[in-house]
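Good morning, and thank you for coming. I should like to take the group through the strands of one model, then through two buried residues and a cavity. Please have the sequence and the structure in view.

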Amino acid sequence: MKKRGMNTHAVFATLCSAVIATTGHGQAPAQAVAQPAELTVPSGFKVSVFASELNGARLMTVSPEGVLLVARRPRNEVVALPDKNKDGKAEPEVILSNLPNAHSLAFKDGYLYIATTPSVMRVKWANGKPAGDPEKFADLPSSTPSVHVSRTINVGPDGRLYVAIGSSCNVCVESDPRRTTIQVINADGSMQPYARGLHNAIGFDWDPQTRRMWADDTGQDNLGDDYPPDEINQLEAGKHYGFPFFVASSQPNVSQPELKDAKPDTTADAAVPPVLELPAHSTGMDLRFYRGTQFPALYRNALFLAFHGSARKNNGYKVARVMMKDGRPTALEDFATGFLKDGVVLGRPAGLATGADGALYVSDDNKGFIYRIAHEK
């Protein structure tokens with residue numbers, strides 16, 4: 001059922017329909033071309049496909065020249081998405097490769113930083129492109145097997161580089177203390193913990209008005225379909241957010257064999273509870289404040305969250321606006337839905353970015369689309 005006051009935009013016209021190859025001459029039938037989801041967005045907004053065939057597209061950033069870049073994790077590459085002929089469609093260009101599990105990107109002090117599984121890499125940026133080869137800037141945990149291999153970087157309002165490192169397991173006491181944390185990376189590549197006790201804080205950003213730092217965090221499995229909740233946390237230096245010993249609102253994580261003989265590194269009183277509990281297993285991915293001026297005043301500086309979704313309950317699979325009161329998250333409002341229809345996954349939102357044109361861009365790492373959501377004036 002469509003919500004009142006919402007417009008549905010079909011973006012099929014921009015792509016060809018599925019190709020059926022003729023048989024004979026030993027040719028195998030061609031695979032169907034992926035089709036974009038029919039997304040529903042608030043009245044006054046319009047959705048279009050900015051790029052396609054970018055399966056595995058994760059988090060994005062915008063270059064100093066205003067070009068959208070995306071990390072393509074399965075392909076270990078970074079792709080630039082210029083729109084050279086200004087027709088609303090990108091002409092993708094691979095600008096960096098051989099970057100294991102490249103997941104997120106950030107510009108700082110004339111460098112493009114790339115978060116890969118084993119390290120944060122950087123490359124000098126000049127004349128709108130990388131200058132030279134990437135170099136290692138900071139080592140990151142890369143033990144295997146590992147449940148969470150994605151690494152997220154972002155630059156804070158203090159000018160420092162931050163990196164999120166998820167757990168290596170579903171529930172355990174980590175042998176590497178850098179896991180389940182967000183770290184600050186110093187100028188020499190060394191790191192120091194900023195916040196601890198985070199299962200997997202994939203998306204984090206700072207409120208441009210209050211400078212408060214917010215992060216999503218996934219909940220562990222094995223406690224049922226409805227527990228524990230995923231979370232939005234306000235991150236502060238030196239604080240512990242509970243995992244693995246406490247979940248939800250600082251509730252003891254009971255009946256976990258992996259924790260039976262472990263000594264907790266925090267207490268229920270000291271563990272910081274989430275500011276907003278999210279549906280369990282909805283898998284918040286990127287979390288970003290909108291920093292453009294194209295959107296109406298109601299949406300300026302708004303916080304958006306991309307829900308990657310989970311087959312466990314068929315929940316998530318959307319982009320939501322995080323409603324704020326007195327500078328704190330209080331509820332969710334659907335902003336872009338349609339990635340899941342009648343139990344069929346039509347896309348999985350991953351990254352969010354405010355483009356140089358003021359539109360909100362959404363990457364879909366499942367079907368390989370980059371969607372552009374713009375406000376129609």
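Ile153 has Val163 as its bridge partner in strand S13. That pair belongs to a larger ladder: strand S12 and strand S13, residues 161-165, run antiparallel and are joined by five bridges. I should say at once that we are looking at a predicted model.

S12 and S13 are part of an open sheet of five strands, whose order is S12-S13-S14-S15-S19 and whose pairing is mixed. Its edges are S12, residues 151-155, and S19, each of which pairs on one side only. In general, strands of a sheet pair through backbone hydrogen bonds, in either the parallel or the antiparallel sense.

Further along the order, strand S14, residues 181-185, is paired with strand S15, residues 191-196, by five antiparallel bridges. Within that ladder, Gln183 stands opposite Pro193. S14 and S15 make a hairpin with five residues between the strands, and Gly189 in the turn has a positive phi of about 90°.

Which strand pairs with S15 in the parallel sense? It is strand S19, residues 239-240, and two bridges join the pair. One bridge can be named by its residues: Arg196 has His240 in S19 as its partner.

Let us turn to a second open sheet. Four strands make it up, in the order S16-S17-S18-S22, and the pairing is antiparallel. Strand S16, at 204-206, and strand S22, at 276-278, are the edge strands, each paired on one side only. With direction ignored, neighbouring strands of this sheet are turned by 20° against each other on average.

Inside this sheet, strand S17, residues 213-217, and strand S18, residues 230-235, run antiparallel and share five bridges. Met213 is found opposite Leu235 of S18.

The loop between S17 and S18 contains Thr218, and I would like to pause on that residue. Is Thr218 buried or exposed? Its relative accessible area is 9%, and the cut-off for a buried residue is under 20%, so Thr218 counts as buried. Leaving aside residues up to four places away in sequence, Thr218 touches His199, Asn200, Ile202, Asp230, Thr283 and Gly284. With one of these residues, His199, there is also a polar contact from side chain to side chain, at 2.9 Å.

A second buried residue may be set beside that one. Trp125 is found in strand S10, residues 119-126. At a relative accessible area of 10%, Trp125 also falls under the 20% cut-off and is therefore classed as buried.

What does Trp125 touch, not counting residues up to four places away in sequence? The list is Ser63, Pro64, Glu65, Leu69, Ile95, Phe107, Gly110, Tyr111, Leu112 and Pro130. Two of these residues deserve a further remark. The side chain of Glu65 makes a polar contact with the side chain of Trp125, at 3.0 Å. Phe107 is 18 residues from Trp125 in sequence, and their C-alpha atoms are 8.7 Å apart in space.

I come now to strand S31, residues 369-375, which is mostly covered, with five of its seven residues buried. Two strands can be described as its partners. Strand S3, residues 45-51, runs antiparallel to S31 and is joined to it by six bridges. In that pairing, Val47 has Ile373 as its bridge partner.

Strand S30, residues 360-364, is also antiparallel to S31, over five bridges. Here Ser363 is the residue whose bridge partner in S31 is Ile370. S30 and S31 form a hairpin with four residues between the strands, in which Gly368 takes a positive phi near 85°.

My last topic is empty space. Rolling a probe the size of a water molecule over the atoms shows where such space is left. How many cavities of 30 Å³ or more does a search of the whole structure find? The search finds one, and the volume of the largest cavity is about 130 Å³. There are 18 residues lining this cavity, and the closest to its centre are Glu231, Phe243, Phe246, Val247 and Ala248.

That concludes the presentation, and I thank you for your attention.

Terms used
Residues numbered from 1 in each chain as written. Predicted model: local features only at pLDDT ≥ 70, side-chain atom pairs only at ≥ 80, totals over all residues. Heavy atoms only, no water. Pairing = 2+ DSSP bridges. Axes fitted to C-alpha atoms, helices over the stretch in contact; angles between N-to-C directions. Buried < 20%, exposed > 50% of the residue type's maximum accessible area, 1.4 Å probe, protein only. Polar contact = N/O pair within 3.5 Å; in protein donor to acceptor, adjacent residues only side chain to side chain. Contact = heavy atoms within 4.5 Å. 1 Å grid on protein atoms, 1.4 Å probe; cavity = no way out; pocket = protein on both sides within 12 Å on 5 of 7 lines; lining within 4 Å. Points joined across faces, edges and corners; volume = space filled by probe spheres on them.
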